[in-house]
Amino acid sequence: MVLGTPLLLCVDLQMEFIAPGRPWADPDGEELAQSCISVLDHARRSGWTIVHTQLHQGGPMLEGGGAMPRSIPGCAPRREEVLLKRAGISAFAHPDLDGVLAACQEEGSVMIGFTAPMSLTTTLYDAADRGHSLKLLEEACGAAHVGEWGAEHTRALCLATAEKLGRLTSLADYDGALGQLATLRRALA
């Protein structure tokens, strides 16, 4: 971890959430995975601190036969990046995340990943409860069908929640908000 750099929190960039037919897969998973890959690549080139938090096999949303806990190709954590495996829904289910975010608080923290109705929303609430200024990047927010609600509905609900919490960001915000990512918007174009 490099102190003094912005932090990119990559939540559940795992095959389970993009593979067709899986219960928590986003129907637009491949497209959203490409957005996540582009953001991650740019953050790596820009020297950001990268933290991956993943559900482990047998944990919530990865139960049952055929679960796919491995990383999405292009999103696998690198040796110099932080990897936090957890059992709970929120990324804060791993006790070290609180300290990692606290160390990067002044530089800004942005979250990308899957899945809006579960991990991303609970992580946003937990960040607010702990006083972290973690924001959700609108263009890299994967979702899933939940009951009668389609993925677009659960994504919209997560984004609206982030906005009400003052924690929604988009690529357009990067020209000034964090200063170091003036080209991030072009990376996803």
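Which residue just after H1 takes a positive phi? Keep that question in mind while the whole chain is on screen, remembering that this is a predicted model.

**The whole chain**

Begin with the protein chain in cartoon view, where five helices and six strands can be picked out. Followed along the sequence, these elements come in the pattern β-α-β-β-α-β-α-β-α-β-α. If you then colour by burial, 51% of the 189 residues of the protein chain count as buried. Turning on contacts with a separation of 6 or more, you will find that residues 24 or more positions apart account for 78% of them. With the surface displayed, the protein chain exposes about 8200 Å², of which carbon and sulfur atoms supply 53%.

**Helix H1 and the residue after it**

Next select residues 29-45, which form helix H1. The 17 residues of H1 should span 24 Å at 1.5 Å a residue, and because the end C-alpha atoms are 24 Å apart, the expected and modelled spans agree. Twelve of these 17 residues are buried, so H1 is largely enclosed by the rest of the structure. To see the buried set, show the side chains of H1 and look for Leu32, Ala33, Cys36, Ile37, Val39, Leu40 and Ala43, which are among the buried residues; that set also includes Ser35, Ser38, His42 and Arg44, as well as Gly29. Now step just past the end of H1 to Gly47, which answers the opening question: Gly47 takes a positive phi of about 80°.

**Thr121 in helix H3**

Move on to residues 116-130, helix H3, and centre the view on Thr121 within it. Thr121 has a relative accessible area of 15%, and because buried means under 20%, it falls in the buried class. Draw a distance from the side chain of Thr121 to the backbone oxygen of Ala116, and you will find a polar atom of that side chain 2.5 Å from the oxygen. Leaving aside neighbours within four places in sequence, Thr121 is in contact with Ala116, Cys158 and Thr161, so select these three residues together with Thr121 for the next view.

**Helix H4 and the nonpolar patch**

Finally, select residues 151-164, helix H4, and find Leu157 there. Leu157 has 42% relative accessibility and therefore counts as partly exposed. Add Val146 and Trp149 to the selection and bring back the surface, since Leu157 joins these two residues in making a nonpolar surface patch of about 260 Å².

Terms used. Residues numbered from 1 in each chain as written. Predicted model: local features only at pLDDT ≥ 70, side-chain atom pairs only at ≥ 80, totals over all residues. Heavy atoms only, no water. Helix = DSSP H or I, 4+ residues; strand = E, 2+ residues; numbered from the N terminus. Buried < 20%, exposed > 50% of the residue type's maximum accessible area, 1.4 Å probe, protein only. Contact = heavy atoms within 4.5 Å. Areas by Shrake-Rupley, 256 points an atom, 1.4 Å probe, with all protein chains shown as cover. Patch = residues over 30% accessible without salt bridge, like charges linked within 9 Å, V, L, I, M, F, W, Y side chains within 5 Å. Salt bridge = Lys/Arg side-chain N within 4 Å of Asp/Glu carboxyl O. Expected span 1.5 Å × (residues − 1). Polar contact = N/O pair within 3.5 Å; in protein donor to acceptor, adjacent residues only side chain to side chain.
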